[in-house]
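Here is a short set of exercises to work through with the structure open beside you. Try each task before you read the solution.

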Amino acid sequence: MKKTLTVNLCGTVCHIDEDAFYLLDNYLANLRACFRRQQGGKK
């Protein structure tokens with residue numbers, strides 16, 4: 001049985017398994033990197 005995690009995305013609470021968490025974490029990291037490269041993004 002896979003371990004589940006509780007995440008809060010903009011006020012919405014979701015219960016996801018570890019595999020989904022790692023995919024979500026990678027997706028959010030890629031978004032941060034994309035916006036960081038844009039003009040005015042945080043360095």
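**Exercise 1. Overall make-up**

Task: Work out what share of the 43 residues is buried, and describe the order of the elements.

Solution: This is a predicted model, so please read each value as computed from it. Start with burial: residues that count as buried make up 5% of the 43 in the protein. Next, take the surface, whose accessible area comes to about 4000 Å². Carbon and sulfur atoms account for 57% of that area. Finally, list the elements: there are one helix and two strands, and from the N terminus on they run β-β-α.

**Exercise 2. The hairpin**

Task: Find how many bridges join β1 to β2, and in which direction the two strands run relative to each other.

Solution: Begin with the ranges: β1 covers residues 4-9 and β2 covers residues 12-17. Six bridges join them, and the strands run antiparallel. Now go to the end of β1, where Leu9 has Thr12 of β2 as its bridge partner. Two residues lie between the strands of this hairpin.

Two more pairs of positions help you to follow the strands. His15 lies in β2, and its C-alpha atom is separated by 5.6 Å from that of Leu5, 10 residues apart along the chain. Ile16 also has its place in β2, with 6.4 Å between its C-alpha atom and that of Thr6, again 10 residues apart along the chain.

**Exercise 3. Neighbours in β2**

Task: Decide whether Ile16 is buried or exposed, and then do likewise for His15.

Solution: The cut-offs are under 20% relative accessible area for buried and over 50% for exposed. Ile16 has 17%, so it is buried. His15 has 63%, so it is exposed. Both residues belong to β2, as the placements of His15 and Ile16 show.

**Exercise 4. Two cysteines and a backbone angle**

Task: Find the sign of phi at Cys10, then count the disulfides.

Solution: First locate Cys10, which is found in the loop between β1 and β2. Its phi is near 55 degrees, a positive value in a residue other than glycine. Most residues other than glycine have a negative phi, which is the background for picking out this angle.

Now turn to the sulfur atoms. A disulfide needs a pair of cysteine sulfur atoms within 2.5 Å, and the count by this rule comes to zero. As for accessibility, Cys10 counts as exposed at 86%, while Cys14 counts as partly exposed at 26%.

**Exercise 5. Salt bridges**

Task: Determine how many salt bridges a search of the whole structure finds, and which parts of the chain the pair Lys2 and Asp19 ties together.

Solution: Side chains of opposite charge can pair when their charged atoms come close. The search finds two salt bridges. In one, the side chains of Lys2 and Asp19 meet at 2.4 Å, N to O. Lys2 lies in the segment before β1 and Asp19 in helix α1 (residues 18-37), so this pair ties together parts that are 17 residues apart in sequence. Asp19 is partly exposed, with a relative accessible area of 41%.

In the other, the side chains of Glu18 and Lys3 meet at 3.9 Å, N to O. This pair links distant parts of the chain, with Glu18 in helix α1 and Lys3 in the segment before β1, 15 residues apart. Glu18 is partly exposed too, at 26% relative accessible area.

**Exercise 6. Aromatic and nonpolar side chains**

Task: Count the aromatic pairs, and find which residues form a nonpolar patch on the surface.

Solution: A pair of aromatic rings is described by the distance of the centres and the angle of the planes. The count comes to one aromatic pair. Phe21 and Tyr22 form it, at 5.7 Å centre to centre and with 65 degrees between the planes. Planes over 60 degrees apart count as edge-to-face, so that is the arrangement here. Phe21 is partly exposed, with a relative accessible area of 29%.

For the patch, look at Tyr27, Leu31 and Phe35: together they have about 310 Å² of accessible area. One of these residues, Leu31, is found in helix α1, and at 30% relative accessibility it counts as partly exposed.

Terms used
Residues numbered from 1 in each chain as written. Predicted model: local features only at pLDDT ≥ 70, side-chain atom pairs only at ≥ 80, totals over all residues. Heavy atoms only, no water. Pairing = 2+ DSSP bridges. Helix = DSSP H or I, 4+ residues; strand = E, 2+ residues; numbered from the N terminus. Salt bridge = Lys/Arg side-chain N within 4 Å of Asp/Glu carboxyl O. Buried < 20%, exposed > 50% of the residue type's maximum accessible area, 1.4 Å probe, protein only. Patch = residues over 30% accessible without salt bridge, like charges linked within 9 Å, V, L, I, M, F, W, Y side chains within 5 Å. Areas by Shrake-Rupley, 256 points an atom, 1.4 Å probe, with all protein chains shown as cover. Phe/Tyr/Trp six-rings, centres within 6.5 Å; stacked < 30°, edge-to-face > 60°.
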